[in-house]
Amino acid sequence: MNNLKLLLIVSIFLLISLSGCLRKGSLMQCACNQAISASDIADKETKWKKLNEKVVELYNEKQFFRASGEAKKAFTFSEKEFGPSDPRTATALNNLAELYRLQGKFNDAEKNYKKVLMVREETLGKEHPDYAISLNNLATLYFTQKKYKEAEPLYKESLGIIQKKVKAGDENLYTPVSNLAELYKAQGKYKEAEPLFKELVTITEKAKGKQDPLYAKSLNDLAAVYYLGGKYKESELLFKQALVLLEKLLGKTNPDLAVVRNNLSEVTKKLAVAKN
């Protein structure tokens, strides 16, 4: 069972890019300060975007130490120019927290995530998607540290907020559902994880169709949970489906397929033992 591998690592629900509400935030800030000229506001907005874009660029290049330095600059600038409760300031602090998490600076990350959570609760309320993102990010920090009891209620609350905003099967549910499913799997709660992984199959089929690698991943992940829960026949069927689909989409020589073939091999061994 320990040899079983998953196709891909679950993505983290992370607000690392420019927030969609930044333009609204800047206009609200402007309305409160008539003494600031429109050109000054535009200049500050431009500088903020450049600072944040540099953070994102370095993050994507996995240069986390350099990125955290730029994130500090973005946070300091935003806090001074826009105020501590501005959405841009919260985004910069969130990004800094995530970069600390990636560097293993968990205490610093937790402190900043909690501060962002408090700011978003006060300014946006507990039903806002950005508040849900902050809950999810703090939960992911706890998950990274294997603090599963602390992570679970935060993941649940985050998912509940998003569920109220979108219809069942919406692709925006993919990451929060994935994270909670992975948490249950990590704890060996396969019965709780199974319906969530089934939901991911539905979400990816609706969003991407049945001819997409992400759909194949969802089949693989559900098969893995079946395997871990001792449902070997169901697991074998899904691993076969995932393998056939990936061979078609990526080619039979793609190195990523080795993982799925290994998964299928493990299940086949279990079924062979069960017959004897």
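**Notebook: helix packing and selected residues**

I noted that H6 and H7 are roughly antiparallel to each other, because their angle lies over 145 degrees. The model I was reading is a predicted one.

**Entry 1. H6 against H7**

I looked up the packing values for this pair and found an angle of about 155 degrees, with the axes 8 Å apart. I recorded the crossing of H6 and H7 as left-handed. I then listed the residues that meet. On the H6 side I wrote down Pro129, Tyr131, Ala132, Leu135, Asn136, Leu138, Ala139, Thr140, Tyr142 and Phe143. On the H7 side I wrote down Tyr148, Glu150, Ala151, Leu154, Tyr155, Glu157, Ser158, Ile161, Ile162 and Lys165. Sorted by class, the contact of H6 with H7 comprises 14 nonpolar, three polar and three charged residues.

**Entry 2. H5 against H6**

I turned next to H5, residues 106-123, and its packing on H6, residues 129-144. The angle I read is about 160 degrees, and the axes are 9 Å apart. H5 and H6 are therefore roughly antiparallel to each other. I entered the crossing of H5 past H6 as left-handed. From H5, the contact draws on Phe106, Ala109, Glu110, Tyr113, Lys114, Val116, Leu117, Arg120 and Glu121. From H6, I listed Asp130, Tyr131, Ser134, Leu135, Asn137, Leu138, Leu141, Tyr142 and Thr144. The class count for the contact of H5 with H6 is ten nonpolar, three polar and five charged residues.

**Entry 3. The chain as a whole**

I checked the secondary structure of the protein chain and counted twelve helices and zero strands. Buried residues make up 46% of the 276 in the protein chain. I also looked up the contacts with a sequence separation of 6 or more: 64% of them join residues 24 or more positions apart.

**Entry 4. Asn52**

I located Asn52 in helix H2, which spans residues 38-60. Its relative accessibility is 1%, so I entered Asn52 as buried. I then asked which side chain Asn52 joins in a polar contact. The partner is the side chain of Asn95, at 3.2 Å.

**Entry 5. Tyr100**

I found Tyr100 in helix H4, residues 87-102. With a relative accessible area of 9%, Tyr100 is buried. Leaving aside residues up to four places away in sequence, I listed its contacts as Lys72, Lys105, Asp108, Ala109 and Asn112. Ala109 also appears among the H5 residues in contact with H6. I noted further that Tyr100 and Ser68 are 32 residues apart in sequence, while their C-alpha atoms are 7.3 Å apart.

**Entry 6. Positive phi at two lysines**

I went through the backbone angles with one expectation in mind: most residues other than glycine have a negative phi. Lys62 has a phi near 60 degrees, a positive value in a residue other than glycine. I placed Lys62 in the loop between H2 and helix H3, the latter covering 64-82. At 63% relative accessibility, Lys62 counts as exposed.

Lys146 also has a positive phi, of about 65 degrees, although it is not a glycine. I placed Lys146 in the loop between H6 and helix H7, which covers 148-165. Lys146 is exposed, its relative accessible area being 64%. This entry leads back to the pair in my opening note, since H6 and H7 are the roughly antiparallel helices recorded there.

Note on methods:
Residues are numbered from 1 along each chain as its sequence is written. This is a predicted model: local features need pLDDT of at least 70, side-chain atom pairs count only at pLDDT 80 or more; totals for chains, interfaces and linings use all residues. Side-chain values use heavy atoms; hydrogens and water are left out. Axes are lines fitted to C-alpha atoms, for helices over the stretch in contact, and angles run from 0 to 180 degrees between N-to-C directions. Helices (H or I, at least four residues) and strands (E, at least two) are DSSP runs, numbered from the N terminus. Angles under 35 degrees count as roughly parallel, over 145 as roughly antiparallel, 65 to 115 as roughly perpendicular and the rest as oblique. A crossing is left-handed if the near helix is turned anticlockwise from the far one by less than a right angle, and right-handed if clockwise. Contact means heavy atoms within 4.5 Å. Ala, Val, Leu, Ile, Met, Phe, Trp, Tyr, Cys and Pro count as nonpolar, Asp, Glu, Lys and Arg as charged, and the others, Gly among them, as polar. Buried means under 20% relative accessible area, exposed over 50%, partly exposed in between (1.4 Å probe, protein chains only). A polar contact is a pair of N or O atoms within 3.5 Å; within protein, one must be able to donate a hydrogen and the other to accept it, and residues adjacent in sequence count only if both atoms are side-chain atoms.
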